[in-house]
Amino acid sequence: MSELDLLQRRHRAMGDQSPLFYDQPLHLVKGQGVWLFDESGKRYLDVYNNVPCVGHCHPRVVEAMASQAATLNIHTRYLNDRIVSYAERLTATFDPSLDCVMFTCTGSEANELALRMARFCTGGKGVIVSSYNYHGNTTSLAEVTTALPSSEPFSSYARAVPIPCLYRAPTGTSATELADQYVTRVAEAIDSLKAQGVQLAAMLIDTLFANEGLPRLPAGYVERIAALVHEAGGLLIVDEVQAGFGRTGEHMWGHQAHSAVPDIVTLGKPMGNGFPLAGLVASRERVEAFGGRNLYFNTFGGSPVAAAVGSAVLDVIEDEQLLCNAREVGAHLANGLERLAGQHSIIGDVRGKGLFFAVELVRDRHAKTPAGAEARRVVNQMRQRGVLISKIGQDDNLLKIRPPLVFSLADADLFIDTLDSVLREL
């Protein structure tokens, strides 16, 4: 069957608005490690997907899934040691104040649950988010989303604040001055809600601000906005769907790069390496208070199969030393990207760490004019040459580089060489 026939079948069965990557959709049939294979056998280096964080179809994860599925698959309303052991092991990776987990199937569920908990615990309803965010596709989350189209209007009890980036700071503005300006925007959002009679419940952010393009944050920014949120009686919810599980190479969780400890942490995609496993981590006090008034359980979240898969992911991260790998390969990748920036004037900035980078493309380095159309061409040309990346940012001009954590030095070199050749022909 041709790809066109398959595409037409998809449109009939799933609708023609179901999104696909790339101008020429990619028909994939197999995954292994950092590689994806199409129906003709051509392989593609995956430099984008954080879902299979320990690599596509990792044998230890697959074996854990199959073995437990062949033994028992229930939900958390029965006692099961595997579920409890995984919960203990997972919470042990967080600050001692974050000692209790609630399991879900998706990051959307986790963030929805986090908002419910924050509103219950604070008595407020107001939410502050970043100005180009996406945290899920429930109604409550769609009402505070700013990065994707949505028929739901932006909520009257929500405020979106811009995020500082040192690369985009006006000439002559110091890091301290920039931080002051953007912290003030959060204070203004809190005051705006208060003037409307809305008590702040939470600020929901990804501390890497991945959708904004991994901005270069001025020191102390996250700590200062966290303090403002707490002073206003709100909770800090940190979304670790993209930043977590050793992605930065420095810490298990992205927020651990800052001294501010969140009140609630949400987890998703990479937690199960492709298996639908997600969750929320908070203090036992908050979890028990919420549960005392709201009966929460999830039929599939936290099943023994999910727990087996989640434990296998943690095993692989530890046994294969993937934080160290992210740090070492990430440094090599950063050097390669900086080298390309010295050779191609279209690269305005390279930012990120570990195995997560954003490369900002600009038409003029002085004016920093976003090169969105060029970024799209680069992404599609890379796909044609067997390397998969994506793009992000409000102007769609940042190349998004986020490979599985098993990415090697050789993989990084192949990626850099391919990007170099595409940029030379741009």
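What radius of gyration would a compact globule of 426 residues have, and what does the protein have? The rule puts the globule near 22 Å, and the protein has 22 Å, so the two agree. Keep in mind that this is a predicted model.

Next, the overall dimensions. The C-alpha trace spans about 60 × 60 × 45 Å along the principal axes. In secondary structure, the protein has 12 helices and 15 strands.

On packing, 53% of the 426 residues count as buried. If we take contacts between residues at least 6 apart in sequence, 73% of them join residues at least 24 apart.

Now the surface and the charges. The accessible surface comes to about 18500 Å², and carbon and sulfur atoms account for 50% of that. There are 39 positive and 47 negative charges, and the mean positions of the two sets are 4 Å apart.

I will finish with one residue, N294. Where does N294 sit? N294 is in the loop that runs between α8, residues 284-293, and α9, residues 304-319. Is N294 buried or exposed? Its relative accessibility is 18%, and the cut-off for buried is under 20%, so N294 counts as buried.

As for its partners, leaving out residues up to four places away in sequence, N294 touches R116 and F120. With R116 there is also a polar contact between the two side chains, at 3.4 Å. So, to put the local picture together: N294 is a loop residue that counts as buried, with its side chain joined to that of R116 by a polar contact.

Notes. Residues numbered from 1 in each chain as written. Predicted model: local features only at pLDDT ≥ 70, side-chain atom pairs only at ≥ 80, totals over all residues. Heavy atoms only, no water. Helix = DSSP H or I, 4+ residues; strand = E, 2+ residues; numbered from the N terminus. Rg over C-alpha atoms; globule rule 2.2 N^0.38 Å. Buried < 20%, exposed > 50% of the residue type's maximum accessible area, 1.4 Å probe, protein only. Contact = heavy atoms within 4.5 Å. Areas by Shrake-Rupley, 256 points an atom, 1.4 Å probe, with all protein chains shown as cover. Lys, Arg positive; Asp, Glu negative; His and termini not counted. Charge placed at Lys NZ, Arg CZ, Asp CG, Glu CD. Polar contact = N/O pair within 3.5 Å; in protein donor to acceptor, adjacent residues only side chain to side chain.
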